[in-house]
Amino acid sequence: NDSGSSSEETTNQRYNSNDAFFLCRCARCQFTIRSNSIDYSAVLSSLVWLYICKDMSLPLPAGESVDEQLRKLFRILPVVRCYQPIDLIGLLMYKHQCYFITHLVYVFSD
């Protein structure tokens with residue numbers, strides 16, 4: 001089946017199972033990014049809680065502004081956008097990745 005081999009070739013171009021790294025390119029500068037350690041649950045929690053604090057005008061206990069923390073979070077988006085396949089990161093982290101994408105769209109839409 002041609003469609004199966006084509007899909008497999010596309011995956012192999014992005015995912016090298018020999019070293020368990022996921023490869024992608026930065027949308028802005030096309031730099032190749034290797035990643036295997038994005039904790040989507042932590043990034044998701046940061047995004048949600050920062051958004052809630054900003055929406056309710058609550059200060060952060062660390063003394064930095066919510067806007068500064070959001071800017072720091074948005075600076076890592078090129079790496080976070082290297083969405084990873086379920087077989088590489090597992091079901092739970094894959095769900096967190098999907099929830100992060102959903103919440104990111106919501107935050108940018110508001």
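A polar contact is a pair of N or O atoms within 3.5 Å; within protein, one atom must be able to donate a hydrogen and the other to accept it, and residues adjacent in sequence count only if both atoms are side-chain atoms. One such contact, 3.4 Å long, joins the side chains of Gln97 and Tyr40. This report returns to that pair below.

The model is predicted, so local features need pLDDT of at least 70 and side-chain atom pairs count only at pLDDT 80 or more, while totals for chains, interfaces and linings use all residues. Residues are numbered from 1 along each chain as its sequence is written, and side-chain values use heavy atoms, with hydrogens and water left out.

## Overall layout

The protein chain has five helices and three strands. Helices (H or I, at least four residues) and strands (E, at least two) are DSSP runs, numbered from the N terminus. In order from the N terminus, the elements run α-β-β-β-α-α-α-α.

Of the 110 residues in the protein chain, 25% are buried. Buried means under 20% relative accessible area, exposed means over 50%, and partly exposed lies in between (1.4 Å probe, protein chains only). The chain exposes about 7,600 Å², and carbon and sulfur atoms supply 55% of that area. Accessible areas come from the Shrake-Rupley method with a 1.4 Å probe; for residues, only the protein chains shown count as cover.

Contact means heavy atoms within 4.5 Å. Among contacts between residues at least 6 apart in sequence, 54% join residues at least 24 apart.

## The nonpolar core

A nonpolar core is a set of buried Ala, Val, Leu, Ile, Met, Phe, Trp, Tyr and Cys residues joined through side-chain atoms within 4.5 Å. The largest one here has 17 residues, and Leu47, Leu50, Val66 and Phe100 have the most contacts inside it. H2, H3, H4 and H5 are the elements that give two or more residues to this core. H2 gives the most, with seven residues.

Leu47 touches Leu73, Phe74, Phe100, His103, Leu104 and Val107, with residues up to four places away in sequence not counted.

Which residues of H3 are buried? In this helix (residues 66–75), they are Val66, Leu70 and Leu73. Seen down the axis of H3, the buried residues fall within an arc of 60°, so they line one face of the helix. The arc is that of the directions from the helix axis to the C-beta atoms. Their cover includes helix H2 (40–55) and helix H4 (77–80).

## Links between H5 and earlier residues

Helix H5 spans residues 86–109 and holds Met93. Leaving aside neighbours within four places in sequence, Met93 is in contact with Ile38, Asp39, Tyr40 and Ser41.

Gln97 is also found in H5. Is Gln97 buried or exposed? Gln97 is buried, with a relative accessible area of 3%. Besides Tyr40, its partner in the polar contact, Gln97 touches Tyr83, Gln84 and Ile89, again not counting residues up to four places away.

Ile101 lies in H5 too. This residue is partly exposed, with a relative accessible area of 28%.

Two pairs show how residues separated in sequence are placed in space:

| Pair | Apart in sequence | C-alpha to C-alpha |
|---|---|---|
| Met93 and Ile38 | 55 residues | 9.2 Å |
| Ile101 and Leu44 | 57 residues | 8.6 Å |

## Aromatic pairs

Rings of Phe, Tyr and Trp (its six-membered ring) pair if their centres lie within 6.5 Å; planes under 30 degrees apart count as stacked, over 60 as edge-to-face and the rest as tilted. The structure holds three aromatic pairs, and two of them are described here.

The rings of Tyr40 and Phe100 have centres 6.3 Å apart and planes at 50°, so this pair is tilted. Tyr40 lies in helix H2 and Phe100 in helix H5, so the pair ties together parts that are 60 residues apart in sequence. Both Tyr40 and Phe100 are buried.

The rings of Tyr51 and Tyr106 have centres 5.6 Å apart and planes at 75°, so this pair is edge-to-face. Tyr51 is in helix H2 and Tyr106 in helix H5, so parts 55 residues apart in sequence are tied together. Tyr51 is buried, with a relative accessible area of 16%.

## A residue with positive phi

Most residues other than glycine have a negative phi. Ser57, in the loop between H2 and H3, has a phi near 55°, a positive value in a residue other than glycine. Ser57 is exposed, with a relative accessible area of 64%.
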